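Biologist: I'm new to this one. Could you walk me through how to read it?

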Amino acid sequence: EVQLVESGGGLVQSGGSLRLSCAASGFPFSNYHMTWVRQAPGKGLEWVSTISGGSVTGYADSVKGRFTASRDNAKNMVWLQMNSLKPEDTAVYFCVKGGRSYSNTYDLRGQGTQVTVSS
């Protein structure tokens with residue numbers, strides 16, 4: 001069974017940083033892209049970043065240059081380093097097995113981690 005456990009969220013002031021973690025299990029981790037998505041209050045899911053098994057990354061324009069995804073295939077872990085945070089980054093962040101969905105449909109297996117950025 002696929003399990004994804006996100007952690008590392010919190011309350012931070014605008015301009016601050018957070019590092020989100022995602023522990024994965026139940027599938028051959030290194031074979032899969034891993035994706036971060038977020039959901040702001042009252043809004044739908046938004047793609048944030050995808051990292052391939054070989055650590056090739058892609059980012060939404062809204063976070064490019066501020067967020068960095070990384071992974072350790074030996075530890076089945078993926079991280080999202082978030083710098084220069086803005087109030088509009090406030091959302092629940094989820095990690096997802098697989099790549100970006102252009103239909104914005106994701107199989108959310110974890111509980112997510114709340115990120116709140118105060119102005």
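**A guided look**

Modeller: Sure, starting with the overall make-up. The protein chain has zero helices and ten strands, where helices (H or I, at least four residues) and strands (E, at least two) are DSSP runs numbered from the N terminus. This is a predicted model, so to speak: local features need pLDDT of at least 70, side-chain atom pairs count only at pLDDT 80 or more, and totals for chains, interfaces and linings use all residues. Residues are numbered from 1 along each chain as its sequence is written, and side-chain values use heavy atoms, with hydrogens and water left out.

Biologist: How do I read the radius of gyration of the protein chain?

Modeller: The radius is taken over C-alpha atoms and set against the globule rule, 2.2 Å times the number of residues to the power 0.38. Here it is 13 Å, close to the 14 Å that the rule gives for 119 residues, so the chain is as compact as a globular protein of that length. The C-alpha trace spans about 40 × 25 × 25 Å along its principal axes.

Biologist: Which strands form the open sheet, and in what order?

Modeller: Two strands pair if DSSP finds at least two bridges between them. In this model six strands line up as β2-β10-β9-β4-β5-β6, with mixed pairing. At the edges stand β2 (10-13) and β6 (57-59), each with a single partner strand, so one side of each has no neighbour in the sheet.

Biologist: What joins β4 to β5?

Modeller: Six bridges, in the antiparallel sense. One residue pair to look for is Trp36 with its bridge partner Ser49 in β5. The hairpin of β4 and β5 has five residues between the strands, and Gly42 there takes a positive phi near 75 degrees. On to the next hairpin: β5 and β6 also have five residues between them, and Ser55 in the turn has a positive phi of about 70 degrees. These two strands pair over three antiparallel bridges, with Ile51 opposite Thr57 in β6.

Biologist: And how many residues of β5 are buried?

Modeller: Buried means under 20% relative accessible area, exposed over 50%, and partly exposed in between (1.4 Å probe, protein chains only). Six of the seven residues of β5 are buried. For the whole protein chain, 45% of the 119 residues count as buried. Strand β1 (residues 3-7) shows alternation: Leu4 and Glu6 point to one face and are buried, while Gln3, Val5 and Ser7 point to the other and are not.

Biologist: Which residues touch the most other members of the largest nonpolar core?

Modeller: In soluble globular proteins, nonpolar side chains tend to be buried together. A nonpolar core is a set of buried Ala, Val, Leu, Ile, Met, Phe, Trp, Tyr and Cys residues joined through side-chain atoms within 4.5 Å. The largest one here has 34 residues, and Leu80, Met82 and Tyr93 touch the most other members. Strand β9 gives the most to this core, with five residues.

Biologist: How many disulfides are there?

Modeller: A disulfide is a pair of cysteine sulfur atoms within 2.5 Å. The count comes to one: Cys22 and Cys95, with sulfur atoms 1.8 Å apart. The pair links distant parts of the chain, Cys22 in strand β3 and Cys95 in strand β9, 73 residues apart. Both cysteines, Cys22 and Cys95, are buried. Cys22 is also the bridge partner of Glu6, and five bridges join β1 to β3 (residues 18-25), which run antiparallel.
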